[in-house]
Amino acid sequence: MLDTAQLIKLLAQPKKIVITTHHKPDGDAMGSSLGLYNYLIQQGHHARVITPTDYPAFLNWMPGNGDVTIYTDKIAECDRLIADADLIFCLDFNALGRINEMGERVGESKALKVMIDHHLEPADFDDYRFWDINACATAQLVYKFIASELGNPQLINADVATCLYTGIMTDSASFRLPNTTSEVHRIVADLIDLGAVNWRIHELVYNDSSEDRLRFLGHCLVNRLEVYNDFNTAVIAVDKHDLERYNVITGDTEGVVNYALSISNVRLAAFIVERNDKVKLSLRSKGDFPANDICKKYFNGGGHRNAAGGTSTESFPDVIEKFKSILPEYKNLLVQ
Ligand code: 5GP
Ligand code: MN
């Protein structure tokens with residue numbers, strides 16, 4: 001393991017750097033990655049953000065977005081960059097399986113791996129770790145990494161601030177989750193002072209829907225929402241036909257689960273979606289209910305206590321039944 005002094009010494013000279021983040025990147029994945037990117041390029045580093053897959057259009061406006069490469073679009077070029085890198089920053093994930101087939105390339109690269117993350121139970125593939133599960137977003141950790149750990153608060157310019165604000169805003173569900181501490185609000189206030197235009201960022205991320213997306217949401221709420229009041233649980237399950245009918249594209253399903261969670265007695269909400277080769281689950285919970293426990297135990301996944309995800313290769317109807325069948329096990333925590 002490197003210590004911070006050694007990392008600072010390494011970064012004192014321009015380096016070849018790859019920044020990567022988890023597949024199907026969300027606002028924190030892109031915001032923390034591009035925030036770090038905009039910091040590093042000011043110091044003359046040759047930095048590139050590589051995402052394992054594409055990401056929603058409502059995240060494609062951030063400063064530096066033009067320099068993001070999607071791995072599956074340019075595999076040979078990305079493999080070369082990964083193999084030749086001096087340093088690889090791994091942001092907002094902590095196990096190489098979360099970056100799909102890129103994980104093998106990153107694992108075998110001679111580059112030093114820096115993990116900045118806030119998920120539970122990190123795997124052991126890194127050479128330097130800046131990790132805190134109490135952080136509401138990896139973007140919050142990138143702010144602290146730059147300002148305190150590396151001691152360069154003056155390099156948090158408007159571009160860095162804009163990206164980090166986006167990461168914190170999205171991962172804290174717009175400053176609503178329990179981990180949105182006063183410290184988070186102080187950091188966010190600082191980011192606004194440094195040039196993040198908070199109302200504009202909110203508009204770019206949340207007021208960017210297509211008509212199809214909104215009608216899909218309507219369909220989910222009217223026709224697909226099921227509430228199990230005995231377990232204070234709500235489920236929205238959509239199959240392939242639903243996705244086709246509303247021309248659902250990457251990002252359109254984001255946030256749908258929160259509507260199910262907004263029912264007053266509901267403590268656990270699930271969004272279950274039938275994809276081509278698997279079924280994906282997104283779980284959200286209120287208070288101390290451990291959504292990640294269910295994902296880890298039953299759906300090959302994980303995440304945070306209040307926001308977790310997983311997948312299954314069982315059939316779509318079987319996954320729905322399986323989810324319902326495990327609710328009695330959690331009844332004591334769901335009904336209090
Ligand atoms: P989402 O429901 O938005 O896909 O994911 C919610 C949270 O759960 C995110 O913080 C994400 O990192 C985590 N997560 C989602 N899917 C998986 C998965 O398959 N494995 C693990 N370990 N975490 C996941
Ligand atoms: Mn995150």
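**Notebook: a look around the model**

Started with Asp28, which turns out to be buried, with a relative accessible area of 0%. A reminder to myself before I go on: this is a predicted model.

**Entry 1: the manganese site**

I looked up Asp28 because it is one of the protein donors of the manganese ion (ligand 2), and it is buried. Which other residues give donor atoms to this ion? I found Asp92 (OD), His118 (NE2) and Asp171 (OD) next to Asp28 (OD), and these donors lie 2.2 to 2.4 Å from the manganese ion. I wrote the spacing of the donor residues along the sequence as D-x63-D-x25-H-x52-D. Asp28 and Asp92 link distant parts of the chain, being 64 residues apart. I traced Asp28 to helix H2 (residues 27–40), and Asp92 to the loop between strand S4 (87–91) and helix H4 (102–108).

Is Asp92 buried or exposed? Its relative accessibility is 1%, so I put it down as buried, the limit being under 20%.

**Entry 2: Ser33, also in helix H2**

I stayed in helix H2 and clicked on Ser33. Its relative accessible area is 0%, so Ser33 goes on my buried list too. What does Ser33 touch, leaving aside its neighbours within four places in sequence? I noted Ile19, Thr20, Thr21, Asp28, Val49 and Leu91. That brings me back to the metal site, as Asp28 is one of the manganese donors.

**Entry 3: the nonpolar cores**

In soluble globular proteins, nonpolar side chains tend to be buried together. I went looking for that here. The largest nonpolar core has 52 residues, and Phe89 and Leu191 are the ones that touch the most other members. I also found a second, separate core of 24 residues, which includes Ala237, Ala291, Cys295 and Leu327.

I then listed the contacts of Phe89, skipping neighbours within four places in sequence. They are Ile17, Val18, Ile19, Thr20, Leu36, Leu40, Val114, Ile116 and Phe145. Two names rang a bell: Ile19 and Thr20 were in my list for Ser33 as well.

**Entry 4: salt bridges**

Side chains of opposite charge can pair when their charged atoms come close. How many salt bridges are there? The count comes to 14.

I checked Arg200 and Glu203, whose side chains meet in a salt bridge (3.7 Å, N to O). They sit three residues apart in helix H8 (residues 198–206), which means about one helical turn lies between them. Arg200 is partly exposed at 37% relative accessibility, and Glu203 is partly exposed at 34%.

Next I tried Glu211 and Arg215, where the salt bridge is 2.9 Å, N to O. Both belong to helix H9 (residues 211–224), four residues apart, again about one turn of the helix. I marked both Glu211 and Arg215 as exposed.

Then came Lys297 and Glu329, with their closest N and O atoms 2.6 Å apart in a salt bridge. This pair links distant parts of the chain, 32 residues apart. Lys297 is in helix H12 (residues 291–298), while Glu329 is in the loop between helix H13 (316–326) and helix H14 (331–334). I have Glu329 down as partly exposed, at 42% relative accessibility. I also found a network: Glu104, Arg105 and Glu108 are joined by salt bridges that share partners.

**Entry 5: two domains**

The protein divides into domain 1 (4–206) and domain 2 (211–334). I got 27 Å between their centres, taken over C-alpha atoms. Eleven residues from domain 1 and nine residues from domain 2 make the contact. The area buried between the two domains is about 870 Å², and carbon and sulfur atoms give 56% of that. How many salt bridges cross the interface of domain 1 and domain 2? I found one. I also wrote down a salt bridge between Glu121 and Lys296, with the closest N and O atoms 2.9 Å apart.

**Entry 6: odd backbone angles**

Last, I checked phi angles. Phe175 has a phi near 65°, a positive value in a residue other than glycine. I located Phe175 in the loop between helix H6 (158–171) and helix H7 (182–193), and it is partly exposed at 23% relative accessible area. Asn247 also has a positive phi, near 45°, and is not a glycine either. Asn247 belongs to the loop between helix H10 (240–245) and helix H11 (256–261). At 47% relative accessibility, I noted Asn247 as partly exposed.

Notes: Residues numbered from 1 in each chain as written. Chains lettered and ligands numbered in written order. Predicted model: local features only at pLDDT ≥ 70, side-chain atom pairs only at ≥ 80, totals over all residues. Heavy atoms only, no water. Core = buried A, V, L, I, M, F, W, Y, C linked by side-chain atoms within 4.5 Å. Buried < 20%, exposed > 50% of the residue type's maximum accessible area, 1.4 Å probe, protein only. Contact = heavy atoms within 4.5 Å. Donors = N, O, S within 2.8 Å, 3.2 Å for Na, K, Ca; no water. Helix = DSSP H or I, 4+ residues; strand = E, 2+ residues; numbered from the N terminus. Salt bridge = Lys/Arg side-chain N within 4 Å of Asp/Glu carboxyl O. Domains from an automatic or database assignment. Buried area = accessible area lost by both parts, 1.4 Å probe.
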